[in-house]
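User: Could you give me a close look at the loops of this model, and then show me what the interior around them is like? I'd love one connected walk-through that I can follow with the structure open.

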Amino acid sequence: MTATTDASSVSDEDRTALTDTVTRFARTEIAPHVDAWDAAGEFPRSLYLRAADLGLLGLSYPEQYGGTPASYLLRLPLWRALSRHGASGGVLASLLSHNIGLPPVLAHGSDAVRAEVIPPVLAGEQIAALAITEPGGGSDVAQLKTTARREGDEYIVNGEKVFITSGMRADWITVALRTGDAGSKGSGGISMLLIPGHSAGLSRSKLDKMGWLCSDTAHLRFDNARVPARYLLGEEGAGFRIIMANFNGERFGLAASALGFAEACYDEALAWARQRKTFGAALVEHQVIRHKLVDMQMRIQSTAAWCESVAAQADASRTGPEWVAQVCMLKNHATQTMQFCADQAVQILGGMGFMRGTVSERIYREVKVMMIGGGAEEIMKDLAARQLGI
């Protein structure tokens, strides 16, 4: 992501205004419909247009492409409030999938490609996705096998990608693949290629999941797909560095979202504890329940403070190895906070917590993908250790 607004220029009023806008949007446009969208397995494409009208899709992108430059501190309320009040990881993942698909285009695409691709996505008219993971490997990006062979003014692409968010509907797919010598191995042979969703030779199949039910998730297959060479992002062989840089923004967004989901669980648990009576008293009057709620708040507040700190460091351009380690550890801490709060909320709701239609039940099912996506916990710990020189 490209943050061009200085941290010092972000006022409390700006952040409050954005939080209020996102909260209203989530409560009116998302929350009342999530159960129906989960049952249908998708949400309407018109939601992209409504989010774009409010400027939510363009936050952090240059004005020349229809965006609004924004710092990490200003983007934090978007992820947090959308998660807390929309309470759907499926909506969040697909509605904002462009935030992992477009940054490589913005940073490494030609002027013509940026002008062609970015404006319609930020306007909500088209959808962008990122495709890295393959059936034979997840976190080991350096070993991917999808290939792109240069043939004149085109690349011929062969291979598969799996677990691709917005993969069924994406108009543009930023794909990590192997170029050059077919026998090349490791990170040095990896490139990034933007592939139009209408490309001949591209086929897609929908995947069924435990959570994120209204987010389309796809298995992509490239069978001699022909892609214009002008859609190469950066230079051949530079893809691994692009992927690693892109991951930092994705992981911060996941952490901020996990914080919002944890708050959604707390909100529902507290409301339930106040109105549900057992043994002649409201649940919240029982010490054991109050302690559960306090334990949730301890984790939520520590996560919120850490998110603020990491965002401020990024806005001050302190994004060296120490910051990368912070992002990795924050992602783990935030998703563990989400996991704890979802578990405690379901416990407080009791039988109702096991029923479809409650926020906590939905988020409980969505915890694991947050802990795996963007880099599994174990990978995050190992990467953080290396960045810290451990």
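Analyst: Happy to! Helices here are DSSP runs of H or I with at least four residues, strands are runs of E with at least two, and each kind is numbered from the N terminus. Please keep in mind that this is a predicted model.

Let's begin with Ala87, which sits in the loop between α4 (72–86) and α5 (89–95). Its phi is positive, near 55°, although the residue is not a glycine. Is Ala87 buried or exposed? With a relative accessible area of 5%, Ala87 is buried, because buried means under 20%.

A loop further along the chain makes a nice companion. Ser317 lies between α10 (287–315) and α11, and its phi is also a positive value in a residue other than glycine, near 65°. Ser317 counts as exposed, because its relative accessibility is 61% and the cut-off for exposed is over 50%. Helix α10 also contains Val288, which counts as exposed at 53% relative accessibility. If you'd like a sense of distance, the C-alpha atoms of Val288 and Leu76 are 33 Å apart in space, with their positions 212 residues apart in sequence.

Next comes the loop that joins α11 (321–349) to α12 (359–372), where you will find Met355. Together with Met352 and Phe354, Met355 forms a nonpolar surface patch of about 340 Å². Why can Met355 belong to that patch? Its relative accessible area is 40%, so Met355 is partly exposed, and patch residues need over 30%.

Now for the interior. The largest nonpolar core has 79 residues, and Leu82, Leu95, Leu293 and Ile348 have the most contacts inside it. Helix α9 (residues 239–275) gives the most to this core, contributing 15 residues. Ile348 is a good one to click on: leaving aside residues up to four places away in sequence, it touches Ala269, Trp272, Ala273, Leu283, Ile289, Lys292, Leu293 and Met296. There is also a second, separate core of 46 residues, including Ile100, Val105, Met192 and Val227.

Helix α13 (residues 377–387) deserves a look as well. Its buried residues are Glu377, Met380, Leu383, Ala384 and Ala385, and the elements covering them include α9, α11 and α12. In an α-helix, residues three or four places apart point the same way, because there are 3.6 residues a turn. After α13 comes Gly389, with a positive phi near 75°.

Let's finish with strand β4 (residues 172–178), where seven of seven residues are buried. Side chains in a regular strand alternate between the two faces of the sheet. In β4, Trp172, Thr174, Ala176 and Arg178 are buried on one side, while Ile173, Val175 and Leu177 are buried on the other. Which strands pair with β4? Strand β1 (residues 128–131) runs parallel to β4 and is joined to it by four bridges, whereas strand β5 (residues 190–196) runs antiparallel to β4 and is joined to it by seven. Ile173 makes a handy landmark for this arrangement: it stands opposite Ala129, and it also stands opposite Ile195 in β5.

Methods
Residues numbered from 1 in each chain as written. Predicted model: local features only at pLDDT ≥ 70, side-chain atom pairs only at ≥ 80, totals over all residues. Heavy atoms only, no water. Patch = residues over 30% accessible without salt bridge, like charges linked within 9 Å, V, L, I, M, F, W, Y side chains within 5 Å. Areas by Shrake-Rupley, 256 points an atom, 1.4 Å probe, with all protein chains shown as cover. Salt bridge = Lys/Arg side-chain N within 4 Å of Asp/Glu carboxyl O. Buried < 20%, exposed > 50% of the residue type's maximum accessible area, 1.4 Å probe, protein only. Core = buried A, V, L, I, M, F, W, Y, C linked by side-chain atoms within 4.5 Å. Contact = heavy atoms within 4.5 Å. Pairing = 2+ DSSP bridges.
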